[in-house]
Structures are given as structure tokens and as C-alpha cells.
Amino acid sequence: MEKTFTFDADLTVNRLGYGTMQLPGAGVWGPAADPQHAPAVIETAIDTADAYGPLYANRYLRTALQARPNAHVMVATKVGFTRQGPGIWTPLGAPQYLKQQVELNLFTLGLDHIDLLQLHRIDPDYPLAVQLGALKDLQKEGKIRHVGLSQVTVDQLKAAEQIMPIVSVQNQYNLINRSDEDLLNYAEAHHIAFIPWYPLATGKLITNPTLIAIAQKYDASPSQIALAWLLKRSDVILPIPGTKSSNHELQNLKARDITLSDADFDALKALAN
């Protein structure tokens, strides 16, 4: 099992990262319950979005990056959603908006470029070529290094690849929800990073008896085993579990050191059948 994923000659990352979505308040809206603690949670390669907060997650990430100026951290962020309140997510693919949000991401993160910029959703009201064209313009300006997509189909990914190189897809995928298996297989065949969101099914997995029994065999937590399963499933999978707790984040990272037997892997695989 590979522990790293290579995007290009200068960008190789640990396959297990961190998602900032849980840092803001309820409904991914407003500040964290403990704003002083929020930056301390961030320990590894990061996935964020301007829509998280909005922008509160970026503020915490900027503080964390400033506290570790010599750390080698890859930052991935997303644009393409507007927010009107807690739990409200509205796609907007207007090229002017996408460019504005990239600039806001750079400003709020304190970066001169974004390693991986993902289109949070494809907006059906705008041609895909127009949406990706806006990101392609910024890539030419050196403000974006790589471009990815989020919650797409294989056909949408193929259509996007006709417009520009796509290095990642970010779809929901975990032990009990593997409806995008075809997209993962395509990504694996073409060395495209597959970044599963909700990799732990927002805690729904931790009471599963099969998962608990296997976790006990490895002296690990159910969450660690669920992450270890994803890492074994494919070398292109880059899980980004989110948490508000530094302890939980450090525990999640230990999943990289767990090697599941083939029998245990298959037993967990059957949970979605």
C-alpha cells in the first residue's frame, strides 16, 4: 500500500489528510465553538472551501499555516457554492464569481497560489467549458496549480478532461456508501486522486458490530479501521476526515500504520452489500 500520492514532480502528499468542514459552527456557518483551538487541529494536507463558514475555515487554516511556516503542507480548496445561511448550499458557476472566490481564497488563506482548486459543483446553468475556462485562466496566471472536480459522474469527468487536465475528484464514498465505485475505478485507471468526503459517514459507522469486532483485533478505533480500509481499497484514495478535536485528528492519522488482512478487508467490503 502506497502511503503517498504524487500529483507532479514537485508535489507528493501523504494520502491521509484533513477536511476543515467541521471547524465552523452548526450548519457549517459562523465561527467555531472554540476559535482559539480550531487552528491547532490542523496537522496535515488540508482540504477546505470558501463556503465553509463562509471563510471561517480559511481563517483558521491561515493561522495554522502561519504557526508552521516551514511545514510542507498541500492546501486544496473549492469554489462554486454560495451560502445564504446555515445548511444552505447553492451552486453558482458564473465565471466572474468563480474567479472572485479564488481571489478571496488566496487572500484569506494568505497564499500566492492554490495547490489544488476544485469546482465544488458543476452548475447546470452555465456550460462546463465556461466554468472550467475561468479556472484555466487563473491557472495560466499561476494562481492555481492543479484543478479538480467535486461530486461528478464518469461522463462529467471525461467531458472536463476534454477541456483541461483534471487531477482529482471529490465524491462521497465510505464503507457503507460506495455508489461511485465506477468513478473510483476510472480514477484509479488514470492516476486521478479520489478524495472521498464523509469518509467516516459522519459517525454512522462506529456502532457497526463487524467494524467494532475488527477494530478490537487491531487494538484500534472503528474510525481508524474505516480509514485503513479506504487506504487499502485503492492507492489513489486520499481520505480527508474532519474533526473539531486535535486528539481525534492525531488518532485518525494513525490509520496509516494499520495494514488490514485480506479477510478483514473483504468482511468490511461486504458492509455495503
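Is D219 buried or exposed? Select D219 in this predicted model. With a relative accessible area of 71%, D219 is exposed, since the cut-off for that class is over 50%. The residue belongs to the loop between α6 (209-217) and α7. Now add A255 to the selection: 36 residues separate D219 from A255 in sequence, and their C-alpha atoms are 11 Å apart.

**The whole chain**

Zoom out and colour by secondary structure. The chain has 9 helices and 11 strands. Its C-alpha trace spans about 50 × 45 × 35 Å along the principal axes. For 273 residues, a compact globule would have a radius of gyration near 19 Å, and the 18 Å of this chain agrees with that. Of the contacts with a separation of 6 or more, 72% are between residues 24 or more positions apart.

Switch on the surface. The accessible surface of the chain is about 12000 Å², and carbon and sulfur atoms hold 52% of this area. Buried residues account for 51% of the 273 residues.

**Strand β5**

Go next to residues 75-79, which form strand β5, and pick T77 within it. T77 counts as buried because its relative accessibility is 0%. Show the surroundings of T77: beyond its neighbours within four places in sequence, the contacts are T48, A49, D50, N105, I114, L116, L117 and Q118. For a longer view, select T4 as well; T4 is 73 residues from T77 along the chain, and 19 Å separates the two C-alpha atoms.

**The nonpolar cores**

Hide the surface and select F7, V102, L132, L135, F194 and I225. In the largest nonpolar core, which has 66 residues, these six touch the most other members. Helix α7 (residues 222-233) supplies the largest share of this core, with 6 residues.

Centre on L135. Residues up to four places away in sequence aside, L135 touches V79, V102, L117, L119, I144 and V147. Another core, of 12 residues, lies apart from the largest one; L61, A64, L65 and L109 are among its members.

**Aromatic pairs**

Show the rings of Phe, Tyr and Trp. Two rings count as a pair if their centres lie within 6.5 Å, and the model has 7 aromatic pairs by this rule. Select Y173 and F194 from these. Their ring centres are 5.5 Å apart and their planes meet at 80 degrees, so the pair is edge-to-face. Y173 is in the loop between β10 (168-170) and α5 (181-189), while F194 is in strand β11 (residues 193-194), so this pair ties together parts that are 21 residues apart in sequence. What is the relative accessibility of Y173? Y173 is at 0% and therefore counts as buried. F194 also has 0% relative accessibility and counts as buried.

Move on to Y52, F81 and W89, which ring pairs link into a cluster.

**Charges over rings**

Stay on W89 and add R83. The charged end of R83 sits over the ring of W89, 3.8 Å from the ring centre. W89 thus appears both in the ring cluster and beneath a charged side chain.

Which residue lies over the face of F265? Select K232, which is placed there at 6.0 Å from the ring centre. The tour ends at this pair.

How values were computed:
Residues numbered from 1 in each chain as written. Predicted model: local features only at pLDDT ≥ 70, side-chain atom pairs only at ≥ 80, totals over all residues. Heavy atoms only, no water. Phe/Tyr/Trp six-rings, centres within 6.5 Å; stacked < 30°, edge-to-face > 60°. Helix = DSSP H or I, 4+ residues; strand = E, 2+ residues; numbered from the N terminus. Buried < 20%, exposed > 50% of the residue type's maximum accessible area, 1.4 Å probe, protein only. Lys NZ or Arg CZ within 6 Å of the ring centre and 35° of its normal. Core = buried A, V, L, I, M, F, W, Y, C linked by side-chain atoms within 4.5 Å. Contact = heavy atoms within 4.5 Å. Rg over C-alpha atoms; globule rule 2.2 N^0.38 Å. Areas by Shrake-Rupley, 256 points an atom, 1.4 Å probe, with all protein chains shown as cover.
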